Amino acid sequence: MAWTLLIVNTLGSTGAKTVIPLPRSVSQLITMGALGAAFLIALALNSRLRVRPSAYLFLLTLLLVLSIVASLNLEGGFGALFRCFRFTLFLSTLWLLTRWWDGGLDLVRQHIRTYGAVLVTVVIGFALSPGNAMPFEYGGRLTGTLWPLTPPQVGQYAAVVIGLTTLLWLGGKLDRRNALIVIVPTFGILLLTHTRTAMLGLVAGTIVALMSQWMSSARARKVFTGLVLGGVFAVVVLGGLLQTWFLRGQSEENFSSLTGRAKVWDALLDAPRTTLEYLFGVGLTDKSYDGLPIDSSWLAVYHEQGFVGIAIVAAFLLVLVVVAVLRPPSPARACAIFLITYCLSASYTEAGLGDASPYLLHLALAASLLVRVPADEPEFLKETA
């Protein structure tokens, strides 16, 4: 329940027009209420504050401290301090839940179930109001209209559900019928969002995860070979359709500038900054610059937490990669590798690695899957809820 509420908190409160008008203040109250409830549940279950050591969360804690220090100048207004408070509550909840991080797949299943439920609301919204679900202002891309969700959000959730479900089936933890029931409609949702970042992240994450299983799983080798052959067939036979899907009706200039992102990035990098701002950033913002979304984790961190923040983010990603490489092959390791690869590939055109977000939650799930429980671990950490 705590994990589900953390996911609800990271859904955000902005997006397409909803079927039933939902004031942003109400959606913000729901998301923040979910975070508060998640923290209280985790605290009630772990009232003695028994936590498991985690290099990933330790580095995130350093990033939080840096964010608070940078936000104290109030350059981003009091909203920066509120975002720091939210980040603190988010990270505290994760620390409390580490007591149950044991490398098992329970959280993976809950991740799939919760995001699957979110995608069901997207489908229901599409059935109730197709015009609102695929509005002109989003280029006819699928959005959430029961809860305000943008096409990149819907695409991200669909890609993560597809990737994790595929790997559970590959590892023998899910039968083929149930896997197809999840994968086939979810892939249709992903196609309707026309989200290139999610599609490329899904392909990259799945391929790397399959390669990590190459030596230990004949099924992984067969699936990898099938994907390669299927990809070649799609490029040769369906090249025109693939190009149309990726271009989304955009001009070559708009496509080459990453839908206008490059212009915002250039303006951000060219803006004058003090030495302290170069090092520590300006504090947590709404991930925008001059009123336009930054849409890059690395540039968002550069703007908000400076070069020190970039170093911390690079460090916790490197830690996760190294630990994943050193772990023996298993379904849990494959899922972790998929999530890490997906977040790395999406970080170029999506923000989220420097603040409470679905991406940090995906990486927290990866960290929980890479935990190796020692035989002589204290009994209080072996207890279950």
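Q: Helices (H or I, at least four residues) and strands (E, at least two) are DSSP runs, numbered from the N terminus. How many of each are in the chain?

A: The chain comes to 18 helices and 2 strands. Keep in mind that this is a predicted model, where local features need pLDDT of at least 70 and side-chain atom pairs pLDDT 80 or more, while totals for chains, interfaces and linings use all residues. Residues are numbered from 1 along each chain as its sequence is written, and side-chain values use heavy atoms, leaving out hydrogens and water.

Q: Which residues gather in the positive patch?

A: A patch joins residues with over 30% relative accessible area (Shrake-Rupley, 1.4 Å probe, only the protein chains shown as cover) and no salt bridge (Lys or Arg side-chain nitrogen within 4 Å of an Asp or Glu carboxyl oxygen); like charges link within 9 Å, nonpolar side chains (Val, Leu, Ile, Met, Phe, Trp, Tyr) within 5 Å. Lys and Arg count as positive, placed at NZ and CZ. Here, you'll find Arg176, Arg219, Arg221 and Lys222. Helix α10 (residues 218-237) gives the largest share, 3 residues, while Arg176 sits in helix α8 (residues 176-193).

Q: Is Arg176 buried or exposed?

A: Buried means under 20% relative accessible area, exposed over 50%, partly exposed in between. Arg176 has 58%, so it's exposed. Chain-wide, 49% of the 385 residues are buried.

Q: What about the nonpolar patch: which element gives the largest share?

A: That's α10 again, with 6 residues. The patch, whose members include Phe233 and Leu241, has about 840 Å² of accessible area together; α10 and α11 (239-247) each give two or more residues. Val232, in helix α10, is partly exposed because its relative accessibility is 49%.

Notes:
Buried < 20%, exposed > 50% of the residue type's maximum accessible area, 1.4 Å probe, protein only.
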